Amino acid sequence: MKITLNRIAFATCLALGATAAQANDNFVGLTWGQTDNNIQKSNALNANLGNPKLDKVIDGEGTWGIRAGQTTADGRYYATYENVSDSHNGYKLRQQNLLGSYDMFVPLGSNNTKLFGGVTAGLVKLEQESRGFSRDSDIGFAAGLQTGILQELNSNTSIEAGYRYLRTNASTEMAPHGAGKAGSLDLHSSSQLYLGANFAF
């Protein structure tokens, strides 16, 4: 696909921004967390590259995200863009998520503290950028669940801690320069523990 996740994320933010003038419960937010990935390698890749530790490249790495959406009395819906990348033993991978989510709220004691839980679906882009290999990328689908706790600090600001699990089908190939395809790797699932801050306007 020629359309990158960055362009899709920009278009989504523009669409959400267009609704801001019509509602008073819009919000934007920032997240930071740790992503753990289950990457599965093909038998050919293990045989041709000596069982490379590709499952360690972006496993347990820091992930930043931005989001925008709207809240209601019972929940919220929002779009999120996330990015995680790193290198390990000469291999480099990047994962980008563009997700749409809906959460339901369950107040705890007062309306200032809430549990939330919901569903997520969207796109995941997996990029293979290792030195000595042809670059390759793939955009796959993602679907999952999330849960956490949200604390309202005032009428415009809240913080939260959450956990999200995604199943994905993004896949990419590895081919050394001047050689044929060595094999493929699949991003089977992705989970994240995160902290977030939200700002209403």
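**View 1. Glu-160 and Arg-67, a buried pair in a predicted model.** Glu-160 and Arg-67 are both buried in this predicted structure. Their side chains meet in a salt bridge, with N to O at 3.3 Å. Glu-160 belongs to strand β7 (residues 157–174) and Arg-67 to strand β2 (residues 61–71), so the salt bridge ties together parts that lie 93 residues apart in sequence. Glu-160 has a relative accessibility of 4%, and it counts as buried because the limit is under 20%. Side chains of opposite charge can pair when their charged atoms come close.

**View 2. The salt bridge between Arg-76 and Asp-103.** The closest N and O atoms of Arg-76 and Asp-103 are 2.9 Å apart. Arg-76 sits in strand β3 and Asp-103 in strand β4, so this pair links parts separated by 27 residues in sequence. Both Arg-76 and Asp-103 are buried. For Arg-76 the relative accessible area is 1%.

**View 3. Arg-76 with Glu-160, and the network around them.** Arg-76 also forms a salt bridge with Glu-160, the closest N and O atoms being 2.9 Å apart. Because Arg-76 is in strand β3 and Glu-160 in strand β7, the pair ties together parts that are 84 residues apart in sequence. Through salt bridges that share partners, Arg-67, Arg-76, Asp-103 and Glu-160 are joined into one network. The structure as a whole holds nine salt bridges.

**View 4. The cavity and its lining.** The structure contains one cavity of 30 Å³ or more. The largest cavity encloses about 110 Å³ of space. Its lining is made up of Thr-31, Arg-67, Tyr-78, Thr-80, Glu-82, Leu-99, Ser-101, Thr-120, Gln-146, Arg-164, Gln-192 and Tyr-194. Two or more lining residues come from each of β3 (75–88), β4 (91–108) and β8 (183–200). Strand β3 gives the largest share, three residues. Sorted by class, the lining has three nonpolar, six polar and three charged residues. Arg-67, a member of the salt-bridge network, is one of the residues that line this cavity.

**View 5. Ser-190 and its surroundings.** Ser-190 is found in strand β8. With a relative accessible area of 5%, Ser-190 is buried, because buried means under 20%. The side chains of Ser-190 and Asn-37 are joined by a polar contact of 2.8 Å. Leaving out residues up to four places away in sequence, Ser-190 touches Thr-35, Asp-36, Asn-37, Gln-95, Arg-164, Tyr-165 and Leu-166. Among these neighbours, Arg-164 also appears in the lining of the largest cavity.

**View 6. The largest pocket.** About 320 Å³ of space lies in the largest pocket. The lining of this pocket consists of 17 residues, and those nearest its centre are Thr-71, Glu-152, Ser-155, Ser-158 and Ala-200. The elements that supply two or more residues to the lining are β1 (26–41), β6 (136–152), β7 and β8. By class, the pocket lining has four nonpolar, nine polar and four charged residues. Strand β8 contributes two or more residues to this lining and two or more to that of the largest cavity.

Technical notes
Residues are numbered from 1 along each chain as its sequence is written. This is a predicted model: local features need pLDDT of at least 70, side-chain atom pairs count only at pLDDT 80 or more; totals for chains, interfaces and linings use all residues. Side-chain values use heavy atoms; hydrogens and water are left out. On a 1 Å grid over the protein atoms alone, a cavity is a set of points where a 1.4 Å probe fits but cannot get out, and a pocket is an open set with protein on both sides within 12 Å along at least five of seven lines; lining residues have an atom within 4 Å of a point. Grid points are joined across faces, edges and corners, and a volume is the space filled by probe spheres set on the points. Helices (H or I, at least four residues) and strands (E, at least two) are DSSP runs, numbered from the N terminus. Ala, Val, Leu, Ile, Met, Phe, Trp, Tyr, Cys and Pro count as nonpolar, Asp, Glu, Lys and Arg as charged, and the others, Gly among them, as polar. Buried means under 20% relative accessible area, exposed over 50%, partly exposed in between (1.4 Å probe, protein chains only). A polar contact is a pair of N or O atoms within 3.5 Å; within protein, one must be able to donate a hydrogen and the other to accept it, and residues adjacent in sequence count only if both atoms are side-chain atoms. Contact means heavy atoms within 4.5 Å. A salt bridge is a side-chain nitrogen of Lys or Arg within 4 Å of a carboxyl oxygen of Asp or Glu.
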